[in-house]
Amino acid sequence: MRPFVNKVTSNVKGFDGMWEAELGRHTLIVGPNRSNKTTIIQAAELSTTGMVDDLMGRNEVKSPALLMALKAEGEDKLFAKATFTDGSVRSWQAEPGTKPKTQGLDKMFVVSRVARKMMAGTNEKLCEAMIELLDMGQVLPGMVTSEMS
């Protein structure tokens with residue numbers, strides 16, 4: 001069985017100080033507006049990919065200066081950590097004006113983000129996504145078919 005994120009620890013906005021969320025293999029996050037659903041998702045994204053979606057109306061935000069908008073009021077730094085069922089950890093941490101410190105960030109998590117573009121429905125989006133995969137060295141043998149080459 002593939003490992004999955006079973007715990008997210010962070011100080012991303014919305015909670016007081018450091019918080020933790022336990023997750024299962026299939027987790028549905030529900031609740032009223034302003035109940036921190038997006039906060040949990042953004043912390044999981046940040047810790048595994050070093051970027052977040054749905055921040056100030058933008059997707060794939062990876063600029064540390066922009067990501068600081070997720071920092072809770074009164075916190076000195078922004079921190080997110082994902083713990084996997086196999087015990088591995090991925091994390092992202094930064095203070096305003098500094099380069100982020102990361103642990104275990106993996107391009108394969110970013111590939112899943114690119115897959116969203118591939119499914120956006122237009123040939124242009126498909127081409128953009130394939131170029132992004134090629135740039136990351138993530139195209140696997142057999143992915144490029146005779147129609148694409």
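## A predicted five-stranded model in questions and answers

Guide: We begin with β3 of this predicted model, a strand that is mostly covered, since six of its seven residues are buried.

Visitor: What is the order of the strands in the open sheet?
Guide: Along the chain, from the N terminus on, the elements run β-β-α-α-β-β-β-α-α, with four helices and five strands in the protein. In the sheet, β2 and β5 (101–103) are the edge strands, each pairing on one side only. The pairing is antiparallel, and the order of the five strands is β2-β1-β3-β4-β5.

Visitor: By how many degrees are neighbouring strands of this sheet turned against each other on average, direction ignored?
Guide: The sheet in question is the open one of five strands with antiparallel pairing. Between its neighbouring strands the average turn, with direction ignored, is 10 degrees.

Visitor: Which residue of β3 is the bridge partner of T9?
Guide: β1 and β3 run antiparallel and are joined by five bridges. Within β3, the residue that partners T9 is K81.

Visitor: Which residue of β4 is the bridge partner of F79?
Guide: β3 also pairs with β4, in the antiparallel sense and over six bridges. The hairpin of these two strands has four residues between them, and G87 takes a positive phi near 90 degrees there. In β4, the partner of F79 is Q93.

Visitor: Which residue of β5 is the bridge partner of S91?
Guide: β5 is an edge strand, and its antiparallel pairing with β4 extends over three bridges. In β5, the residue bridged to S91 is Q103.

Visitor: At about what angle does α1 run to β3?
Guide: α1 spans residues 37–49 and supplies at least two residues of the largest nonpolar core, as do β1, β2, β3 and β4. The helix lies across β1, β2, β3 and β4, and its angle to β3 is about 80 degrees.

Visitor: Which residues touch the most other members of the largest nonpolar core?
Guide: In soluble globular proteins, nonpolar side chains tend to be buried together. Here, buried residues make up 33% of the 149 residues in the protein. The largest nonpolar core has 21 residues, and those touching the most other members are W19, L46, V52, L67, L70, L78 and W92.

Visitor: Is W19 buried or exposed?
Guide: W19 lies in strand β2, and, leaving aside neighbours within four places in sequence, its contacts are V8, T9, S10, N11, V12, T39, I40 and A43. One of these, I40, is 21 residues from W19 in sequence, with the two C-alpha atoms 9.6 Å apart in space. Because its relative accessible area is 7%, under the 20% limit, W19 is classed as buried.

Visitor: Is M1 buried or exposed?
Guide: M1 is found in the segment before β1. Although M1 and T85 are 84 residues apart in sequence, their C-alpha atoms are 9.9 Å apart in space. Since the relative accessibility of M1 is 86%, over the 50% limit, M1 counts as exposed.

Visitor: What is the relative accessible area of N36?
Guide: Most residues other than glycine have a negative phi. N36, placed in the loop between β2 and α1, has a positive phi near 75 degrees without being a glycine. N36 is also buried, because its relative accessible area falls under 20%, at 18%.

Visitor: How is E60 classed at 27% relative accessibility?
Guide: E60 lies in the loop between α1 and α2 (64–67), and, although it is not a glycine, E60 has a positive phi of about 55 degrees. Its accessibility of 27% falls between the limits of 20% and 50%, so E60 counts as partly exposed.

Visitor: Over which residues does pLDDT stay under 50?
Guide: The protein averages a pLDDT of 79, and 71% of the residues score at least 70. Where pLDDT is low, the predicted coordinates should not be read in detail. That caution bears on a stretch for which the model has 13 contacts beyond four places in sequence and over which pLDDT stays under 50, namely residues 138–149.

Visitor: What share of the exposed area do carbon and sulfur atoms supply?
Guide: The protein exposes about 9,400 Å². Of this area, the share supplied by carbon and sulfur atoms is 53%.

Notes:
Residues are numbered from 1 along each chain as its sequence is written. Side-chain values use heavy atoms; hydrogens and water are left out. Buried means under 20% relative accessible area, exposed over 50%, partly exposed in between (1.4 Å probe, protein chains only). Accessible areas come from the Shrake-Rupley method with a 1.4 Å probe; for residues, only the protein chains shown count as cover. A nonpolar core is a set of buried Ala, Val, Leu, Ile, Met, Phe, Trp, Tyr and Cys residues joined through side-chain atoms within 4.5 Å. Contact means heavy atoms within 4.5 Å. Two strands pair if DSSP finds at least two bridges between them. pLDDT is the predictor's confidence in each residue, from 0 to 100. Axes are lines fitted to C-alpha atoms, for helices over the stretch in contact, and angles run from 0 to 180 degrees between N-to-C directions.
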